[in-house]
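User: I'd like to learn how to read the features of a structure like this one. Could you walk me through it, general idea and then the case at hand?

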Amino acid sequence: PILASAHESSCIRLWSIQGNLMKELLPFSEHPSGPLTVLCTDIFTKILLTGSKEGYIIRWNIASFLEDSRNKKNKIKEELCWRAHATEVVDLFIEEEKNVVATASIDGSVRLWHARIGYYFGYFGQARKFELSDTSRLILPSDVKDFSAIIKEESQHMEKKQVIYPLRLDRDK
């Protein structure tokens with residue numbers, strides 16, 4: 001078992017069930033994701049999805065890290081980042097069988113996306129049926145202009161480093 005927390009600083013913290021901090025990381029993608037507002041995992045806890053105040057969704061692969069978190073070679077990989085909404089993401093859900101992510105925003109919209117590539121399928125309430133098998137025709141919602149960005153394997157994550165600033169009076173300064 002693992003606990004994950006999302007923070008206003010865009011930081012994600014992974015905790016053991018005993019309350020020990022296991023990992024602290026920040027997104028690497030070129031788009032600033034902003035404060036994180038929501039997160040979820042797939043049923044097998046291999047994928048972690050985060051949503052932000054800026055409307056971005058980031059897909060993380062956490063499977064190898066969770067297999068052996070003490071092994072430094074097992075890293076959490078940021079795989080995909082896309083803009084799902086023009087405003088804050090308030091909820092998201094991954095459905096493994098259909099390989100679909102549903103996102104909800106404060107603008108009142110609920111949208112469907114391909115879980116692996118961030119392809120936009122449509123929104124709830126649209127006149128046409130969802131076509132979940134065709135990902136060849138690239139479309140975007142009317143309020144989003146950025147296509148999904150696949151994060152390269154060799155990208156380095158910005159891990160938060162612990163810095164200690166002791167409070168000492170220096171009379172010479």
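**Reading strands, cores and rings**

Analyst: Let's start with a strand pair: β8 and β9 run antiparallel and are joined by six bridges. Keep in mind that this is a predicted model.

User: What holds strands together in general, and which residue stands opposite V101 here?

Analyst: Strands in a sheet pair through backbone hydrogen bonds, and the pairing can be parallel or antiparallel. In this case I94 is the residue across from V101 of β9.

User: What is the strand order of the open sheet, and which are its edge strands?

Analyst: The sheet has four strands, in the order β8-β9-β10-β11, and the pairing is antiparallel. At the edges sit β8 and β11 (120-123), each of which pairs on one side only. From one strand to the next, the twist averages 20°.

User: Now the cores. Which residues have the most contacts inside the largest nonpolar core?

Analyst: The general idea is that nonpolar side chains in soluble globular proteins tend to be buried together. Here the largest nonpolar core has 15 residues, and those with the most contacts inside it are L49, I57, W82, L92, I94, V101 and W113. You'll recognise I94 and V101 as the residues that stand opposite each other.

User: Which strands each supply at least two residues of this core, and which one gives the most?

Analyst: β4 (36-41), β5 (47-52), β7 and β8 (89-95) each supply at least two. β8 gives the most, with three residues. Another core, of 12 residues, lies apart from this one; L25, L36, L48 and I76 are among its members.

User: On to aromatics. How many aromatic pairs does a search of the whole structure find?

Analyst: Three. Take W82 and W113: their ring centres are 5.9 Å apart and the planes sit at 45°. Edge-to-face needs over 60 degrees and stacked needs under 30, so this pair falls in between and counts as tilted.

User: Where in the chain do W82 and W113 lie, and are they buried or exposed?

Analyst: W82 is in strand β7 (residues 77-83) and W113 in strand β10 (residues 110-114), so this pair links distant parts of the chain, 31 residues apart. Both are buried. Ring pairs also bring in Y120, making a cluster of W82, W113 and Y120.

User: What geometry does the pair of Y119 and F121 have?

Analyst: That one is edge-to-face, at 5.2 Å centre to centre with 70° between the planes. Y119 has a relative accessible area of 7% and F121 one of 2%. Buried means under 20%, so Y119 qualifies, and so does F121.

User: Is F44 buried or exposed, and where does it lie?

Analyst: F44 lies in the loop between β4 and β5. Its relative accessibility is 61%, and the exposed class starts over 50%, so F44 counts as exposed. Although F44 and E96 are 52 residues apart along the chain, their C-alpha atoms are separated by 9.5 Å.

User: Last one, backbone angles. What phi does S10 have, and what about N99?

Analyst: Check the sign of phi and then the residue type. S10 has a positive phi of about 75° although it is not a glycine, and N99, also not a glycine, has a positive phi of about 60°. S10 lies in the loop between β1 (2-6) and β2 (12-16), while N99 is in the loop between β8 and β9 (100-105). S10 counts as buried at 12% relative accessibility, and N99 counts as buried at 16%.

Conventions. Residues numbered from 1 in each chain as written. Predicted model: local features only at pLDDT ≥ 70, side-chain atom pairs only at ≥ 80, totals over all residues. Heavy atoms only, no water. Phe/Tyr/Trp six-rings, centres within 6.5 Å; stacked < 30°, edge-to-face > 60°. Buried < 20%, exposed > 50% of the residue type's maximum accessible area, 1.4 Å probe, protein only. Core = buried A, V, L, I, M, F, W, Y, C linked by side-chain atoms within 4.5 Å. Pairing = 2+ DSSP bridges. Axes fitted to C-alpha atoms, helices over the stretch in contact; angles between N-to-C directions.
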